[in-house]
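Reader: I'd like a close look at one part of this model, and then a walk outward from there. Could you take me through it?

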Amino acid sequence: MADSLVKMRNITKNFPGVLALDEVDFTLRPGEIHAVMGENGAGKSTLVKVLTGAEEFESGEIYLNDASTPIVNRSPQEAQQRGISTVYQEVNLCGNLSVAENLFLGRQPRRFGMVNWQQMNRQARAVLRGIGLDINVEKPLSGYSIAVQQMIAIGRAIDISAKVLILDEPTSSLNEQEVVRLFELMQKLQAGGMGIVFITHFLDQVYQICDQITVLRNGALVGQYAVADMPRRDLVAAMLGRTFDDLATIERRPSAVAKKAGVPVVSAKQLGVAQGVKPFDLDINQGEVVGLAGLLGSGRTEVARVIFGADIPETGSLEVKGQPARPNPLASMQAGMAFCPEDRKAEGCILELSVQDNIILAEQTKRGAFHLIPKSEQDKIARKYVELLQIKVPSLDTPVKQLSGGNQQKVILARWLATNPDLLILDEPTRGIDVGTKTEIQRLCVELADDGMAVLFISSEIDEMLRSCDRIGIMRDLKKVGELVGSEMSTAAIMSKIAGDDFQEGELNA
């Protein structure tokens with residue numbers, strides 16, 4: 001058996017204005033489950049796309065099975081012919097076709113030039129029985145759950161004699177029993193010598209199933225580690241690019257918890273979604289900035305979405321200013337909530353519309369289609385917030401797509417501030433924008449709280465959370481696992497709770 005199935009050496013990939021991969025190395029061995037870890041923008045997906053031929057690369061070499069001659073996969077089909085198969089989070093099969101047709105798509109058994117349906121269905125049943133799946137292969141794929149569809153996609157990979165299986169976030173839509181079943185199959189394939197690349201954000205699952213971890217950060221290789229030799233806190237530190245020592249004394253605003261009494265603006269009790277964020281409690285008081293810290297995929301965004309009603313909770317209850325609330329976006333807006341989402345282009349800005357149209361959108365939605373905001377009032381609202389947030393724009397009629405990322409972010413902030421909310425939810429408001437704009441947004445966040453607004457602040461940057469927040473809730477693997485307040489808050493404490501370590505502050509700083 002070869003010493004390695006895949007060797008990628010000095011892989012470099014550029015996108016316009018972005019160095020996505022910077023001379024990255026990666027090695028996958030037979031019978032190995034290898035996690036690729038990193039925060040958003042680390043280069044995980046790009047590395048996999050280069051390997052599978054979905055993206056070209058500028059320099060570097062890829063070797064298969066210890067061969068001395070490098071290869072280049074020019075398409076996913078070419079990669080598949082070389083024994084590399086990928087199962088994506090969103091299963092890339094055809095829901096309108098039968099299970100058997102999906103298993104043998106493009107390679108159906110034929111007789112007299114026609115598809116031999118009887119043979120194809122028989123072979124499909126045999127393939128699926130081999131992975132412990134006994135289902136009706138003549139039924140359309142869309143009739144089965146995501147978990148079963150993933151198993152079918154894996155069955156297809158096995159039947160085409162794949163030696164390398166890439167699983168991209170395979171467990172994000174699965175319940176606990178389905179995850180157990182998937183892991184059993186992965187271990188079975190591992191025992192047969194298959195190499196598995198496992199892309200995930202769930203730390204617990206990495207330590208449960210994986211042998212090796214490769215960590216990427218900002219397009220560069222941080223290192224490759226044996227799971228047994230990599231404590232969780234060290235993995236978190238490698239992903240975030242920080243140590244567990246506080247790097248500097250950070251000036252933090254005094255805690256508002258003690259000075260703000262009365263009914264919370266928002267009170268969530270055991271709010272959760274069955275296949276999403278686990279039930280959590282969270283109170284947010286007037287004049288308070290509450291942070292949510294955790295790795296990408298830890299559940300930070302899911303908490304924000306379920307409070308706002310973008311995801312409908314299936315357990316627990318929510319009160320807004322002491323009154324029971326039925327979470328849905330319109331009701332939340334009318335109750336005084338505002339939500340600036342993480343993906344400003346896909347979920348925030350309407351890029352083709354003007355700056356003014358984007359700013360007045362939420363307030364118009366609150367008032368309803370039969371109570372249109374007069375043009376003069378639209379102008380007044382838009383000008384007020386363009387001036388307040390110092391949005392750099394030629395005119396209010398300029399399409400938002402022509403603005404920089406930082407100014408697009410400010411337009412979304414302006415939209416929600418125009419509704420005069422009691423609770424402002426900010427999900428990664430400073431990601432991908434310049435340092436000056438970051439500082440402005442952090443300062444605005446604190447000023448709004450000082451004026452009495454409640455703020456839920458989500459960020460991957462621990463320093464800015466320490467500067468801005470009165471309390472910080474910690475998320476890990478879709479669970480709220482702790483909360484820090486006042487003097488408890490430090491880089492070390494946050495990172496340790498993210499990693500899942502029990503610690504004494506004195507021990508970390510010793």
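Which residues point one way from β18 and which the other way, and are they buried or exposed?

Author: Keep in mind that this is a predicted model. On β18, Leu-423, Ile-425 and Asp-427 point one way, while Leu-424 and Leu-426 point the other way. All of them are buried. That fits the count for the strand, residues 423-427: five of its five residues are buried, so to speak of β18 as mostly covered follows from the under 20% relative accessible area cut-off.

Now for the partners of β18. Strand β17, residues 337-340, pairs with β18 in the parallel sense, over four bridges. If you want a place to start tracing that pairing, take Ala-338, whose bridge partner in β18 is Leu-424. Strand β19, residues 454-458, also pairs with β18 in the parallel sense, here over five bridges. In that pairing, Leu-423 stands opposite Ala-454 of β19.

For another piece of sheet, go to the open one with three strands, where the order is β2-β1-β4 and the pairing is antiparallel. β2 (18-28) and β4 (59-64) are at the edges with a single partner strand each, so one side of each has no neighbour in the sheet. On average, neighbouring strands here are turned by 20 degrees against each other, direction ignored. β1, residues 6-15, is joined to β2 by seven bridges, and Lys-7 has Thr-27 in β2 as its bridge partner. Helix α1 (residues 44-52) lies across β1, β2 and β4, and runs at about 115 degrees to β1.

That leaves the helix pairs. Helix α8 (residues 232-240) packs on helix α17 (residues 491-499) with the axes 8 Å apart and an angle of about 115 degrees. The two are therefore roughly perpendicular to each other, and their crossing is right-handed. From α8, the contact takes in Arg-232, Arg-233, Val-236, Ala-237 and Leu-240; from α17 come Met-495, Ser-496, Ile-498 and Ala-499. By type, that contact has six nonpolar residues, one polar and two charged.

The other pair is helix α12 (residues 355-367) with helix α13 (residues 375-388), whose axes come within 9 Å and cross at roughly 115 degrees. This crossing is right-handed. Among the contact residues are Ile-359, Ile-360 and Arg-367 of α12, along with Lys-375, Ile-381 and Val-386 of α13. Sorted by type, the residues of the α12 contact with α13 are six nonpolar, two polar and five charged.

Methods:
Residues numbered from 1 in each chain as written. Predicted model: local features only at pLDDT ≥ 70, side-chain atom pairs only at ≥ 80, totals over all residues. Heavy atoms only, no water. Axes fitted to C-alpha atoms, helices over the stretch in contact; angles between N-to-C directions. Left-handed = near helix turned anticlockwise from the far one by under 90°. Contact = heavy atoms within 4.5 Å. Nonpolar A, V, L, I, M, F, W, Y, C, P; charged D, E, K, R; others polar. Parallel < 35°, antiparallel > 145°, perpendicular 65-115°, else oblique. Pairing = 2+ DSSP bridges. Buried < 20%, exposed > 50% of the residue type's maximum accessible area, 1.4 Å probe, protein only.
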